[in-house]
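Let's take a walk through this structure together, from the inside to the surface. Keep the model open beside you as you read.

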Amino acid sequence: MSENVNNTESEVKLHRKISLFAMIAMGVGSTVGSGIFTSVGSVAAAAGTATFAILSFLIGGLLMIPQNLLYTELSSAYPEDGGLVVYFREAGWKFWSFFYSWSCFFSSNPIGDAIMAISIASYLAYFTGWTTITVKIIAVILILFFGWLHMTHAKAGAKVLSGLTALKILPFFILIIVGLFFVKGTNFAATPVVGASTGIVALLAGISATTWSYDGMYATAVTGGEVENPKKNLPIALISTVLICTLLYTALTAAAVGLVDVSTLATSEAPIATAFEQIPGIGHYAATIASVLAVFVVTGSLCGLLLWQPRIYFKAAQEGYWWRSWGKVHPVWNTPYVSIMWETGVACILVFFSSINDLLGYFTLISLFRNALGFLTWFRIRNNKNYHPSYQMPAGPLMCILSVVPSAILLVSTFVWAPGAGIIASVIALATAYPAYKYFQRVNADIIAKNDAMRKAEEEKYM
């Protein structure tokens, strides 16, 4: 009986049910997280002046455009779930296709979910005074709720994500508009931050400090197999995401440095609250407003992550390089329910680990290298006979090389932060991934052979 159920589930295909608005919400929601509440101060400290702080976010956003153009082209050619799992596969780099899913699950995704859930509960504790254990219990409840929502009510989950994204973005734009009425021109010419670099070095430092704030804009590409009218909507969603995030961050920084001098902003632990304390009428409630905003911001991010991240392992399982059950689609809910259950379950366990922030940081080095390598697959994939993207980025080779720049910036800064731990974590990731890769090649040889035969037959159609 169970064998028949498994066969039924493995034959069920995911439907294209994610709308354009939900895709944009996913991209923006995954990008705009809790980091914006501190990154403005970090960028101000690195850039040294108000003008350079604003330019840092603007240029930082512009630097992300090549990445999204690249993802747009690749995803329009292969509108499947999985993102880099698919692109590495099409480049013929099967180990890296597997390694992407392996490293996502064991070194970043559930860890990130746990951190975000704890952050939400901690912000709520600002109002409630919850104990540490209560914060962790609330974090687990949040993870379980969004995991259940995306597993059993996919369309409703996408609508909730869209609503949360609107709730967290709209107040930012209101604060920006109101804040710009009260900026002081003298703040834009204020004395530079003491100890900060000057000239082009300061600007480069500021741009580097913005890079993490823009991470996550590729989320839409990972759900390419469930997007309505993907050839049209994937390009619109990916390009809209980078434009909205760049506009939001740049305008928010302009308002912040205009409300308070850059030196004060650079040393503040809560720069957004510090800046908006200067607005008459709401200044007294700035910290409270910032905490409420943070709840919506991080909740939207957690909701988005638990929607698209499980699709990575789901695709890896369908390719034969993961546990078979993770590639099942529920016959009633039409979702990759096994992958969602595993991600939420592991994230709940990690909530009770005290040093998960450090763990996520240690594995960043290899993750950044993996992502940079993923961008370079374009040079191989563009020669495939089945490569027919509905969108082609201008100056392809240049855009591809420029896509690597943000990852290279982060690679250097991450290595400086924890060189020893980063290298050790990278070696561990590779050392555990290779035997796992060979194991899946052996136990799932039938799935892999079937997929290879299907792709060979597809290639012959274009010969």
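We begin with the core, then visit one helix, a surface patch and a few loops.

First, a word on the ground rules. This is a predicted model, in which local features need pLDDT of at least 70, side-chain atom pairs count only at pLDDT 80 or more, and totals for chains, interfaces and linings use all residues. Residues are numbered from 1 along each chain as its sequence is written, and side-chain values use heavy atoms, with hydrogens and water left out.

Which residues touch the most other members of the largest nonpolar core? They are Val32, Phe37, Phe98, Phe172, Phe276 and Trp322, in a core of 139 residues. Helix H12 (residues 230-259) gives the most to this core, namely 14 residues. A nonpolar core here is a set of buried Ala, Val, Leu, Ile, Met, Phe, Trp, Tyr and Cys residues joined through side-chain atoms within 4.5 Å. Buried means under 20% relative accessible area, exposed means over 50%, and partly exposed lies in between (1.4 Å probe, protein chains only). Helices are DSSP runs (H or I, at least four residues), numbered from the N terminus. To see one core member's surroundings, look at Val32: leaving aside neighbours within four places in sequence, its contacts (heavy atoms within 4.5 Å) include Phe172, Cys245, Leu248 and Val297.

Now turn to helix H16, residues 310-319. Nine of its ten residues are buried, so H16 is largely enclosed by the rest of the structure. Among those buried residues are Arg311, Lys315 and Glu319. Glu319 is worth a pause: its relative accessibility is 7%, so it counts as buried. The Glu319 side chain makes a polar contact with the side chain of Arg455, at 2.8 Å. (A polar contact is a pair of N or O atoms within 3.5 Å; within protein, one must be able to donate a hydrogen and the other to accept it, and residues adjacent in sequence count only if both atoms are side-chain atoms.) Beyond its neighbours within four places in sequence, Glu319 is also in contact with Val85, Arg89, Ile447, Ile448 and Asn451. After H16 comes Gly320, with a positive phi near 100°.

Further along, in the loop between H16 and H17, sits Asn334. Its phi is near 55°, a positive value in a residue other than glycine, and Asn334 is buried at 6% relative accessible area. Asn229, in the loop between helix H11 (219-222) and H12, also has a positive phi, near 45°. Is Asn229 buried or partly exposed? With a relative accessible area of 44%, Asn229 is partly exposed.

Out on the surface, Phe352 lies in the loop between helix H17 (337-350) and helix H18 (356-362). Phe352 counts as partly exposed, at 46% relative accessibility. Together with Ile133, Ile137, Ile141, Ile349 and Phe353, Phe352 makes a nonpolar surface patch of about 600 Å².

Our last stop is Thr191, in the loop between helix H9 (154-180) and H10. Thr191 is exposed, with a relative accessible area of 62%. Its C-alpha is 8.2 Å from that of Asp261, although the two are 70 residues apart in sequence. Not counting residues up to four places away in sequence, Thr191 touches Val262 and Ser263.

Conventions:
Helix = DSSP H or I, 4+ residues; strand = E, 2+ residues; numbered from the N terminus. Patch = residues over 30% accessible without salt bridge, like charges linked within 9 Å, V, L, I, M, F, W, Y side chains within 5 Å. Areas by Shrake-Rupley, 256 points an atom, 1.4 Å probe, with all protein chains shown as cover. Salt bridge = Lys/Arg side-chain N within 4 Å of Asp/Glu carboxyl O.
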